[in-house]
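Visitor: Before we look together, I would like to ask how each label is earned. Please set the value against the rule each time.

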Amino acid sequence: MKAEDQIRQMIGTKSPYKVPDGYFEQLPDRIIDQLPEREAISPKVTLWQQAKPWVYMAAMFVGAFFLARTGRSYVTSEQNNIQETELATLMDQADVVVDDTYIISSMNTSCMDDYEVYTLMASE
């Protein structure tokens with residue numbers, strides 16, 4: 001610490017660098033004067049740049065249309081499944097007369113014994 005104090009006393013704390021008066025006020029004007037002169041270029045707007053927002057908006061609406069249509073067909077298919085289930089329930093409840101030949105052929109291929117057939121018929 002004492003060495004630093006001795007160095008400060010020998011050199012001093014005053015900055016050896018000085019800026020001329022008004023330097024920073026004149027700096028922007030001097031820089032602008034040194035720049036080469038050139039024309040201001042206005043960007044040319046192409047047809048695609050003008051049409052791009054409209055094309056994007058049209059694509060958005062087409063996508064929304066197909067999304068809504070897909071959702072509607074999904075709901076419709078769900079409603080069809082519900083209607084088919086209701087129809088099957090109604091057919092189960094209805095007295096359906098079936099020819100004995102269909103019953104016998106289905107019993108022969110179903111691998112059901114007499115007890116399972118009796119249980120099935122008793123539950124209805």
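Visitor: Where does Met60 lie, and why is Met60 called partly exposed?

Guide: In this predicted model, Met60 belongs to helix 3, which covers residues 47-93. Its relative accessible area is 49%, and since buried means under 20% and exposed means over 50%, with partly exposed in between, Met60 counts as partly exposed.

Visitor: Which residues make the nonpolar surface patch, and what makes Met60 eligible for a patch?

Guide: The patch, of about 490 Å², is made by Trp54, Met57, Met60 and Phe61. A patch residue needs over 30% relative accessible area and no salt bridge; Met60, at 49%, satisfies the area condition, and Met is on the list of nonpolar side chains that are joined within 5 Å.

Visitor: How many aromatic pairs does the rule give, and why is the pair of Tyr23 and Phe24 called edge-to-face?

Guide: The count comes to two aromatic pairs. For Tyr23 and Phe24, the separation is 5.2 Å centre to centre and the angle between the planes is 80 degrees; because pairing requires centres within 6.5 Å and edge-to-face requires planes over 60 degrees apart, both conditions are met and the label follows.

Visitor: What makes the pair of Phe65 and Phe66 edge-to-face?

Guide: The ring centres of Phe65 and Phe66 are 5.4 Å apart and the planes stand at 65 degrees, so with the same limits of 6.5 Å and 60 degrees this pair too is edge-to-face.

Visitor: Are these four ring residues buried or exposed, or in between?

Guide: Phe24, with a relative accessible area of 57%, passes the limit of over 50% and is therefore exposed. Tyr23 at 29% is partly exposed, as are Phe65 at 48% and Phe66 at 47%, because these values fall between 20% and 50%.

Visitor: Why is helix 1 said to lie largely in the open?

Guide: Helix 1 spans residues 2-11, and of its 10 residues the number buried is zero, so the helix lies largely in the open. Helix 1 is followed by Gly12, whose phi is positive, near 100 degrees. In the protein as a whole, buried residues make up 1% of the 124 residues.

Visitor: Where is confidence lowest, and where is it highest?

Guide: Confidence is lowest in helix 4 (residues 100-110), with a mean of 71, and highest in helix 2 (residues 23-34), at 90. The protein averages a pLDDT of 78, and 73% of the residues score at least 70. Where pLDDT is low, predicted coordinates should not be read in detail.

Terms used:
Residues are numbered from 1 along each chain as its sequence is written. Side-chain values use heavy atoms; hydrogens and water are left out. Patches are made of residues with over 30% relative accessible area and no salt bridge: like charges are joined within 9 Å, nonpolar side chains (Val, Leu, Ile, Met, Phe, Trp, Tyr) within 5 Å. Accessible areas come from the Shrake-Rupley method with a 1.4 Å probe; for residues, only the protein chains shown count as cover. A salt bridge is a side-chain nitrogen of Lys or Arg within 4 Å of a carboxyl oxygen of Asp or Glu. Helices (H or I, at least four residues) and strands (E, at least two) are DSSP runs, numbered from the N terminus. Buried means under 20% relative accessible area, exposed over 50%, partly exposed in between (1.4 Å probe, protein chains only). Rings of Phe, Tyr and Trp (its six-membered ring) pair if their centres lie within 6.5 Å; planes under 30 degrees apart count as stacked, over 60 as edge-to-face and the rest as tilted. pLDDT is the predictor's confidence in each residue, from 0 to 100.
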